[in-house]
Amino acid sequence: MESCLRFKEHRKIFKRIRDALKDESNRKYREEFEKALERLVESYDTRNHENRFVVGGALEVLFCALLKALGFECVWLREKRYDLQIDGRKFSLKGSFTRRRGTVHLINVLGDGEVKWDEPTLFFVGGYGVFYADPCMPLSPERKKDALTVKVRDVLEVSKDWKIDLKVPLKPEGTAHIRTASYDVAKSVLEQIGSTLLRKHLPEV
């Protein structure tokens, strides 16, 4: 019980975020975030492995911007196990844009060492919203060869009372062409240096 008290402030912060986003006076901030997140997931299909990291990082930046707009203190951490510090408390962010049948990687694992989920986490679930969970809730992570995972449907069930009604998009289905972040970065770099040689020889995508 004592160890669970350390999540008391995280839960309070989550409730304050939920209340702020329910406030109709903040509607314009909520809608702009939803629009940005939809464009992000639509533009960088996470079926491409590199896009998963890019979308995850961009999600952290966008949500931090939203929180700051709402009056919260937010720092983008870029740490191994934590992503945002909100009003002095650290949180992990995870995204799943593949409907409730999918799984979420809580922790990537190298080797056979013991690993434990220990972070209060915000789950962005496509088609459902944003959910809070921490290790003192009855969520049962599963150890796979390369990751500690949790089923999306379990997050939805365990955290049904810890939900923010934000529009979280589903990734597009049946896309013939998948845009990759690395190509856009390469193109942007050449534009920044005023390329006159390599830019016209970029490979087709």
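**Exercise 1. How many disulfides does a search of the whole structure find?** Describe each disulfide and the parts of the chain that it joins.

*Solution.*
Step 1. The model is a predicted one. A search of the whole structure gives 2 disulfides.

Step 2. One disulfide joins Cys-4 to Cys-136, with an S to S distance of 1.9 Å. This distance satisfies the cut-off, since a disulfide requires two cysteine sulfur atoms within 2.5 Å. The angle about the S-S bond is -95°, and the link of Cys-4 and Cys-136 is left-handed. Cys-4 lies in the segment before α1 (8–22), and Cys-136 lies in the loop between β6 (129–133) and β7 (142–143); the pair therefore ties together parts that are 132 residues apart in sequence.

Step 3. A disulfide also joins Cys-64 to Cys-74, with an S to S distance of 2.3 Å. With -135° about the S-S bond, this link is left-handed. Cys-64 belongs to helix α3 (residues 49–69) and Cys-74 to strand β1 (residues 74–76), and the two cysteines are 10 residues apart.

Step 4. When the bonded cysteines are counted along the chain, the disulfides follow the pattern 1-4, 2-3.

**Exercise 2. Classify Cys-4, Cys-136, Cys-64 and Cys-74: which are buried and which are partly exposed?**

*Solution.*
Step 1. The cut-offs are needed here: a residue is buried under 20% relative accessible area, exposed over 50%, and partly exposed in between.

Step 2. Cys-4 has a relative accessible area of 26%, so Cys-4 is partly exposed. Cys-136 has 29%, so Cys-136 is also partly exposed.

Step 3. Cys-64 and Cys-74 are both buried.

**Exercise 3. Which residues have the most contacts inside the largest nonpolar core?** State also which element gives the most to this core.

*Solution.*
Step 1. The general tendency is that nonpolar side chains of soluble globular proteins are buried together.

Step 2. In this model the largest nonpolar core has 49 residues, and those with the most contacts inside it are Ile-17, Phe-63, Ile-86, Leu-122, Phe-123 and Phe-124. The element that gives the most to this core is α3, with 6 residues.

Step 3. Consider Phe-63. Leaving aside residues up to four places away in sequence, Phe-63 touches Ile-17, Phe-33, Leu-84, Leu-93, Leu-122, Phe-124 and Leu-166.

**Exercise 4. At what angle do the axes of helix α2 and α3 cross?** Name the relative direction of the two helices and the residues that make the contact.

*Solution.*
Step 1. Two packed helices are described by the angle and the distance between their axes.

Step 2. The axes of helix α2 (residues 27–43) and α3 come within 10 Å and cross at roughly 170°. An angle over 145 degrees counts as roughly antiparallel, and α2 is therefore roughly antiparallel to α3.

Step 3. On the side of α2, the contact is made by Tyr-29, Arg-30, Phe-33, Ala-36, Leu-37 and Leu-40. On the side of α3, it is made by Val-55, Ala-58, Leu-59, Leu-62, Phe-63, Leu-66 and Ala-69.

**Exercise 5. Where are Arg-78 and Asp-87 found, and what is the phi of each?**

*Solution.*
Step 1. Arg-78 is placed in the loop between β1 and β2 (84–86). Although Arg-78 is not a glycine, its phi is positive, at about 60°. Arg-78 has a relative accessible area of 60%, so Arg-78 is exposed.

Step 2. Asp-87 is found in the loop between β2 and β3 (89–96). Asp-87 is not a glycine either, yet has a positive phi of about 45°. With a relative accessible area of 26%, Asp-87 is partly exposed.

Key:
Residues are numbered from 1 along each chain as its sequence is written. This is a predicted model: local features need pLDDT of at least 70, side-chain atom pairs count only at pLDDT 80 or more; totals for chains, interfaces and linings use all residues. Side-chain values use heavy atoms; hydrogens and water are left out. Helices (H or I, at least four residues) and strands (E, at least two) are DSSP runs, numbered from the N terminus. Buried means under 20% relative accessible area, exposed over 50%, partly exposed in between (1.4 Å probe, protein chains only). A nonpolar core is a set of buried Ala, Val, Leu, Ile, Met, Phe, Trp, Tyr and Cys residues joined through side-chain atoms within 4.5 Å. Contact means heavy atoms within 4.5 Å. Axes are lines fitted to C-alpha atoms, for helices over the stretch in contact, and angles run from 0 to 180 degrees between N-to-C directions. Angles under 35 degrees count as roughly parallel, over 145 as roughly antiparallel, 65 to 115 as roughly perpendicular and the rest as oblique.
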